[in-house]
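Got the viewer open and a selection box ready? Here is a tour, stop by stop, with something to click at each one.

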Amino acid sequence: FYIAARKEQQTLKTQEIYIKAAAMFDEALALAKLGKKEAEIAAYDALIRRFSPSDHIGLQVQVATAMFNKGVALGELGRGQEEIAAYDALIERFGTSNQPKLQMQIAMAMINKGVALRKLHRGREAVSVYDALIERLGTSNDPGRQERIARAMFNRGVAWGDLGKRQEEIAAYDALIKQFSTNDPKLQELVVRAMVNCSVALGQL
């Protein structure tokens with residue numbers, strides 16, 4: 001009886017923690033809708049500080065999402081260096097996790113980090129980030145992973161283009177076209193855009 005009662009108490013406590021985390025996250029989203037970016041970021045920081053040590057997967061996903069959203073909010077404020085730092089913190093905290101939901105957050109963080117680096121004219125670093133993400137995701141058949149691989153490959157081509165490296169840009173687009181030209185229709189927009197960009201780059205050789 002004592003063991004059962006204790007387990008019930010632990011379950012209730014866990015439920016209360018999840019409810020609190022969800023409430024804090026909802027508060028941050030509400031602030032975002034009101035355009036109060038600084039307050040939104042502060043709300044994410046409070047959630048991250050409170051729940052980051054937890055080993056509960058649900059709370060870890062909530063923390064990872066808060067870290068990602070914080071990066072997005074910082075980017076919208078034009079604070080690129082801090083945006084990159086937010087994504088780096090997410091990658092460092094959960095980079096070794098094998099949980100699919102956390103892996104997706106890391107993939108999105110890496111894609112956004114690459115974009116942020118490009119905006120800061122750090123194209124070679126952006127290419128390195130995309131290369132790392134493509135290697136990380138491998139040749140998975142999971143639709144979500146494939147979409148992020150394709151996005152990383154496309155963005156890699158754009159980054160090479162920013163650097164004026166036409167041969168590398170064309171090779172990046174060719175790799176995307178070859179890998180995804182007969183795949184999920186959702187990826188066809190990226191394939192078509194890669195074809196157009198590749199044609200433009202060829203004309204600039």
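Is His121 exposed or buried? Select His121 and switch on a surface: with a relative accessibility of 74%, His121 counts as exposed, because the cut-off for that class is over 50%. Bear in mind as you go that this is a predicted model.

**Stop 1: the loop at His121**

Stay on His121 for a moment. This residue sits in the loop between H5 and H6. Check its backbone too: phi is positive, about 60°, although His121 is not a glycine. Most residues other than glycine have a negative phi, so a value of that sign is worth a click.

**Stop 2: zoom out**

Now show the whole chain as a cartoon. You should count 9 helices and 0 strands, so reading from the N terminus the elements go α-α-α-α-α-α-α-α-α. The C-alpha trace spans about 75 × 35 × 25 Å along its principal axes. Colour by accessibility and you'll find that buried residues account for 41% of the 205 residues. If you prefer a contact map, take the contacts between residues at least 6 apart in sequence: 56% of them join residues at least 24 apart.

**Stop 3: H5 against H6**

Select residues 100-119 for helix H5 and 123-137 for helix H6. Their axes are 7 Å apart and the packing angle is about 160°. That angle is over 145 degrees, which means H5 runs roughly antiparallel to H6. The crossing of the two is left-handed. To see who makes the contact, show side chains: on the H5 side the list includes Ile106, Ala107, Met110, Ile111 and Val115, while H6 contributes, among others, Ala126, Val129, Tyr130 and Leu133.

**Stop 4: Gln105**

Still on helix H5, pick Gln105. Is Gln105 buried or exposed? Its relative accessibility is 11%, so Gln105 counts as buried. What does Gln105 touch, once residues up to four places away in sequence are set aside? The answer is Ala64, Thr65, Phe68 and Leu90. For a distance label, draw one from the C-alpha of Gln105 to that of Glu135: the two are 30 residues apart along the chain and 16 Å apart in space.

**Stop 5: aromatic pairs**

Phe68 came up just now as a neighbour of Gln105, which is a good cue for the rings. How many aromatic pairs does a search of the whole structure find? There are 3, and here are two of them to look at.

Start with Phe25 and Tyr44. The ring centres are 6.0 Å apart and the planes meet at 55°, so the pair counts as tilted. Phe25 belongs to helix H1 (residues 2-33) and Tyr44 to helix H2 (residues 37-51), so the pair ties together parts 19 residues apart in sequence. Both Phe25 and Tyr44 are buried.

Next, Phe68 and Tyr87. This pair is also tilted, at 5.9 Å centre to centre with 40° between the planes. Phe68 is in helix H3 (residues 57-76) and Tyr87 in helix H4 (residues 80-94), again linking parts 19 residues apart. Phe68 and Tyr87 are both buried.

**Stop 6: two neighbours on H7**

Go to helix H7, residues 143-162, and select Asn155. Asn155 has a relative accessibility of 8%, so it counts as buried. Turn on polar contacts: one of 3.4 Å joins its side chain to that of Tyr130. Beyond its neighbours within four places in sequence, Asn155 is in contact with Ile111, Val115 and Tyr130, and all three appear in the H5–H6 contact from Stop 3.

Then take Arg156, also in helix H7. At 15% relative accessibility Arg156 counts as buried, because the cut-off is 20%. Its contacts, leaving out residues up to four places away, are Val127, Tyr130, Asp131, Ile134, Ala172 and Ala175.

**Stop 7: Asn197**

Finish on helix H9 (residues 188-203) with Asn197. With a relative accessible area of 25%, Asn197 is partly exposed. Expand the selection and you'll pick up Phe154, Val158, Glu169 and Tyr173, not counting residues up to four places away in sequence. As a last label, measure out to Leu59: its C-alpha and that of Asn197 are separated by 41 Å, with their positions 138 residues apart along the chain.

Note on methods: Residues numbered from 1 in each chain as written. Predicted model: local features only at pLDDT ≥ 70, side-chain atom pairs only at ≥ 80, totals over all residues. Heavy atoms only, no water. Helix = DSSP H or I, 4+ residues; strand = E, 2+ residues; numbered from the N terminus. Buried < 20%, exposed > 50% of the residue type's maximum accessible area, 1.4 Å probe, protein only. Polar contact = N/O pair within 3.5 Å; in protein donor to acceptor, adjacent residues only side chain to side chain. Contact = heavy atoms within 4.5 Å. Phe/Tyr/Trp six-rings, centres within 6.5 Å; stacked < 30°, edge-to-face > 60°. Axes fitted to C-alpha atoms, helices over the stretch in contact; angles between N-to-C directions. Parallel < 35°, antiparallel > 145°, perpendicular 65-115°, else oblique. Left-handed = near helix turned anticlockwise from the far one by under 90°.
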